[in-house]
Amino acid sequence: MNTTPLYRQLANHYLNAIRSGTLKTGERFPSIRLMMEKHAVSLSTAVQVCRELEDYGVLEARPRSGNYIRQPDTPARPAPINPPAPLDTGVYVGIHEQVSSVLKASQRATIKVNFASAYCAPQLYPLKTLQDNMIKALRQNHHLFGTTGSTAGNIALRNILARRALTAKTHLTAERIVITNGATEAINLALRAVTSPGDTVAVESPTFYGLLQILESLNLRVLEVPASTRSGINLLALEQLLQGPERIKALIVIPNLHNPLGSIMPDANKARLVQLCAEHDTVLIEDDTYGDLVDTEQPLSTLKHWDRNDNLIYCASLNKTLAPGMRLGWISAGKWHDRVEMLKHTQSRGCEALSQLAVSAFMGTPSYERYLRRLRITLTQQRVQMSAGILRYFPEGTRVTNPQGGTLLWVELPREHSSMALFHAALNVGIQISPGGIFSNDKRFDHFVRIGCGTPYSPKIDEALQTLGRLLNL
Ligand SMILES: Cc1ncc(COP(=O)(O)O)c(C=O)c1O
């Protein structure tokens with residue numbers, strides 16, 4: 001029996017027709033009504049088929065006209081989905097030099113306005129409370145600097161993290177959490193636990209450039225799987241790759257408030273993704289760096305929620321939500337817990353204790369939730385203002401994502417613009433941006449820019465956006 005959902009079977013069917021040239025670029029795609037008639041499917045199945053093909057980048061909806069076949073590499077939306085044409089074999093990442101040169105150039109420049117940061121402005125974090133907690137913790141623990149803590153980290157903090165996860169219907173136990181130096185260390189540990197150099201790891205495309213750097217540093221090969229602003233990783237494309245000749249050892253996914261797309265995977269996709277990875281014995285590494293910054297009061301579900309086989313490694317961080325300077329993150333590695341704990345011990349021992357004490361004293365109180373609520377409202381406002389500013393000053397045809405939380409906007413410039421050229425021109429006048437090219441090994445995102453909205457909108461920011469617009473219009 002074919003267990004692939006009907007809409008996927010149909011989407012595959014049409015995808016093959018497009019690939020083989022039976023349906024050609026520019027041609028009108030069968031209407032929803034015709035599909036319902038010819039394939040005897042419901043309205044929602046027919047609509048889902050079109051959505052899958054849109055995500056795949058081969059279908060374009062034209063207002064009041066219908067759906068048309070389009071060139072897969074011609075973007076129709078802010079975050080186009082590209083076909084996985086060259087993606088049937090893994091490749092060494094090789095991105096790091098470009099990333100490093102971008103980061104180095106930024107460090108050398110005198111920055112007046114930084115749109116490249118994914119952090120919130122310092123004044124938005126509860127710094128005074130954390131500082132007071134630190135002083136209190138030191139007073140109460142005279143021997144703190146003379147002793148070492150456990151490799152796994154402060155148990156009170158781990159208990160708080162496990163309790164908080166429950167509200168997102170995620171079952172973590174404190175005993176199986178290891179506190180890390182941010183999500184960066186958590187992801188490094190996860191990859192070291194389940195892969196060997198030369199193995200292939202899949203990521204979303206585009207994805208956070210730091211992940212590409214980690215993969216490169218561990219001598220892993222990478223497969224990029226298309227992802228969209230609407231629903232994150234494309235499951236159809238992933239399924240095809242999982243069925244292909246390349247053994248995919250692990251997959252790193254940012255399901256909630258993706259960096260840079262801002263996407264949130266629908267629950268049904270999350271469930272299916274977990275199932276797919278279990279079926280293909282591919283370890284799923286969940287990067288939940290931004291989940292707590294969602295606009296809504298109700299927490300987002302995690303991939304971990306659907307993990308029935310202990311086949312998932314959950315990684316998260318407090319660096320965006322609470323205190324970038326403390327570098328605290330955590331990992332819950334399921335059946336790889338013992339190995340991850342051993343690797344953490346051999347790599348860096350336990351994280352230092354003072355910041356964990358200060359953070360637990362805050363996160364264990366209702367004030368933490370109140371603080372997060374205020375932060376979310378502020379970020380929503382900042383994103384709206386920033387987005388309006390971009391659309392006001394950037395060239396006609398610019399498109400901006402509308403994420404439901406977080407600090408990031410993914411901006412698509414008209415195709416003729418190079419975000420790398422903009423990056424250098426902007427740096428000359430003290431403005432830092434993240435050029436789209438560093439979020440993939442491919443050249444597909446060269447006309448995209450990631451803009452951070454962590455800082456309150458001000459005349460200075462407005463002027464900087466205006467300057468970027470002027471540079472683009474030169
Ligand atoms: C998606 C994603 N994962 C991981 C990280 C690294 O997080 P940390 O600063 O906690 O190491 C970042 C930082 O920007 C990120 O955006």
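A polar contact here is a pair of N or O atoms within 3.5 Å; within protein, one must be able to donate a hydrogen and the other to accept it, and residues adjacent in sequence count only if both atoms are side-chain atoms. With that in hand, let us start at the ligand. The model is a predicted one, in which local features need pLDDT of at least 70, side-chain atom pairs count only at pLDDT 80 or more, and totals for chains, interfaces and linings use all residues. Residues are numbered from 1 along each chain as its sequence is written, and side-chain values use heavy atoms, with hydrogens and water left out.

**The ligand site**

The ligand is surrounded by 14 residues (each with a heavy atom within 4 Å of it). Thr184, Asp287, Tyr290, Ser317 and Asn319 are the closest of these. Three polar contacts made by oxygen atoms of the ligand are listed here.

| Protein partner | Partner atom | Distance to a ligand oxygen |
|---|---|---|
| Alanine 183 | polar backbone atom | 2.8 Å |
| Asparagine 319 | side-chain N or O | 2.7 Å |
| Lysine 320 | side-chain N or O | 3.0 Å |

Taken alone, the ligand exposes 390 Å² (Shrake-Rupley method, 1.4 Å probe), and the protein buries 95% of that.

**Tyrosine 290, beside the ligand**

Where does tyrosine 290 lie? Its place is the loop between strand E10 (283–288) and strand E11 (312–317); strands are DSSP runs of E with at least two residues, helices are runs of H or I with at least four, and both are numbered from the N terminus. Tyrosine 290 has 5% relative accessibility, so it counts as buried (buried means under 20% relative accessible area, exposed over 50%, partly exposed in between, with a 1.4 Å probe and protein chains only). Leaving aside neighbours within four places in sequence, tyrosine 290 is in contact (heavy atoms within 4.5 Å) with Ala118, Asn256, Leu257, Asn259, Lys320, Thr407 and Leu408. Lys320 is thus a contact of tyrosine 290 and also a polar partner of the ligand.

**Two more buried residues**

Lysine 270 sits in helix H10 (residues 267–279). Buried or exposed? At 1% relative accessibility, lysine 270 counts as buried. Beyond four places in sequence, lysine 270 touches Pro255, Asn256, Ile264, Met265, Ser301, Thr302, Leu303 and Trp306. Asn256 therefore appears in the contacts of lysine 270 and of tyrosine 290. Serine 387 belongs to helix H13 (residues 366–393); with 17% relative accessibility, serine 387 counts as buried too. Setting aside residues within four places in sequence, serine 387 is in contact with Val400 and Leu409.

**An open sheet**

Four strands form an open, antiparallel sheet in the order E13-E14-E17-E16 (two strands pair if DSSP finds at least two bridges between them). Strand E13 (399–400) and strand E16 (434–435) stand at the edges with a single partner strand each, so one side of each has no neighbour in the sheet. Strand E14 (residues 408–412) is joined to strand E17 (residues 448–452) by five bridges. Valine 411 has valine 449 as its bridge partner in E17.

**Nonpolar cores**

A nonpolar core is a set of buried Ala, Val, Leu, Ile, Met, Phe, Trp, Tyr and Cys residues joined through side-chain atoms within 4.5 Å. The largest one has 79 residues, and Leu273 and Leu322 touch the most other members. Helix H1 (residues 6–19) gives the most to this core, with seven residues. Another core, of 35 residues, lies apart from it and includes Val99, Val113, Ala227 and Ala464.
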